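The following exercises are meant to be worked with the sequence and the coordinates open side by side. Each one sets a task and then gives a solution in steps.

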Amino acid sequence: MQAEITLTVDGTEHRTTVDTRTTVLDLLRERLGVTSPKKGCDHGQCGSCTVLLDGRRHLTCLALAVAHDGAEVVTAAGLAEAADDELHPVQQAFLDHDGLQCGYCTPGQVCSAVGMLDEAKQGHPSHVSDDLEAEPELDDDEIRERMSGNLCRCGAYAGILAAVREAARS
């Protein structure tokens, strides 16, 4: 079965017809040529496909495109475009702290970090938050917990942690 949907991806509106079983990830990569989100595990376990979907971080390999008709998608590439081609502060922090090696997971890590920082700013607690009512303190344990859905096969975790810590301060 086919359905016509509209997605705004990194500021550009796309209207397309998709099979109702198509994931947002496959639509982005195969139909729209947006290659920033990566297909890692295709089971929602690695986080390489993370984007900001209507302002919240989301695993696109688990999201059916038809369920997000009319949504706004921001990829790691779109973060810089939104800032007039300047790097987003999280992207700059990843560069400054060597928060990447091969770079495969980096777009998902960056989008997850941006979404996580917004969630923390809104006061959302995590599993390791001491006080569920207080604004979360983004110490290393809190950052590790909140970023735990994003895996790095190269082991750049020390740089990723430092980058997110710096971005949280700014």
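**Exercise 1. The hairpin**

How many bridges join strand β1 to strand β2, and in which sense do the two strands run?

Solution. The model to be inspected is a predicted one. Begin with the two ranges, residues 2-9 for β1 and residues 12-19 for β2: eight bridges join these strands, and they run antiparallel. Next, go to the end of β1, where Val9 stands opposite Thr12 in β2. Finally, look at what links the strands: β1 and β2 form a hairpin with two residues between them, and Asp10, which lies in the turn, has a positive phi of about 50°.

**Exercise 2. The sheet**

Determine the order of the strands in the sheet, and then identify its edges.

Solution. Following the pairing across the sheet gives the order β2-β1-β5-β3-β4, an open arrangement of five strands with mixed pairing. The edges are then β2 and β4 (56-59), since each of them pairs on one side only. From one strand to the next, the twist averages 40°. For a check on one internal pair, take β3 (residues 50-53) and β5, which pair in the antiparallel sense over two bridges; here Leu53 has Val73 in β5 as its bridge partner.

**Exercise 3. Helix α1 and the place of Leu25**

Which residues of helix α1 are buried, and what covers them?

Solution. Within α1 (residues 24-31), the buried residues are Val24, Leu25, Asp26, Leu27 and Leu28. The elements covering them include β1, β2 and β5 (72-74), which fits the placement of the helix, as α1 lies across β1, β2 and β5 and runs at about 110° to β2. Now take Leu25, a residue of α1, as a single case: it counts as buried because its relative accessibility is 1%, and the cut-off for that class is under 20%. Setting aside neighbours within four places in sequence, the contacts of Leu25 are Pro37, Lys38, Lys39, Cys49, Thr60 and Cys61. A C-alpha distance can be added to this picture: Leu25 and Leu62 are 37 residues apart along the chain, yet their C-alpha atoms are separated by 8.2 Å. After α1 comes Gly33, with a positive phi near 70°.

**Exercise 4. Packing of α4 against α6**

Describe the geometry with which helix α4 passes helix α6, and list the residues that meet.

Solution. The axes of α4 (residues 106-121) and α6 (residues 157-169) come within 11 Å and cross at roughly 35°, and the crossing is right-handed. On the α4 side the residues are Gln109, Ala113, Met116 and Leu117, and these meet Ile160, Val164, Ala167 and Ala168 in α6. Sorted by class, this contact has seven nonpolar residues, one polar residue and no charged ones. To place α4 relative to the sheet, note that α4 lies across β3, β4 and β5, running at about 45° to β3.

**Exercise 5. The nonpolar cores**

Which residues have the most contacts inside the largest nonpolar core, and which element gives the largest share of that core?

Solution. The largest core has 23 residues, and those with the most contacts inside it are Leu79, Val90, Phe94 and Val164. Two or more residues come from each of α2 (76-82), α3 (89-96), α4 and α6, with α4 giving the largest share, six residues. Val90 illustrates the connections: beyond residues up to four places away in sequence, Val90 touches Val110, Ala113, Val114, Leu117 and Ala167. A second core, separate from this one, has 14 residues, among them Val9, Leu28, Leu53 and Ala65.

Key. Residues are numbered from 1 along each chain as its sequence is written. This is a predicted model: local features need pLDDT of at least 70, side-chain atom pairs count only at pLDDT 80 or more; totals for chains, interfaces and linings use all residues. Side-chain values use heavy atoms; hydrogens and water are left out. Two strands pair if DSSP finds at least two bridges between them. Helices (H or I, at least four residues) and strands (E, at least two) are DSSP runs, numbered from the N terminus. Axes are lines fitted to C-alpha atoms, for helices over the stretch in contact, and angles run from 0 to 180 degrees between N-to-C directions. A crossing is left-handed if the near helix is turned anticlockwise from the far one by less than a right angle, and right-handed if clockwise. Contact means heavy atoms within 4.5 Å. Ala, Val, Leu, Ile, Met, Phe, Trp, Tyr, Cys and Pro count as nonpolar, Asp, Glu, Lys and Arg as charged, and the others, Gly among them, as polar. A nonpolar core is a set of buried Ala, Val, Leu, Ile, Met, Phe, Trp, Tyr and Cys residues joined through side-chain atoms within 4.5 Å. Buried means under 20% relative accessible area, exposed over 50%, partly exposed in between (1.4 Å probe, protein chains only).
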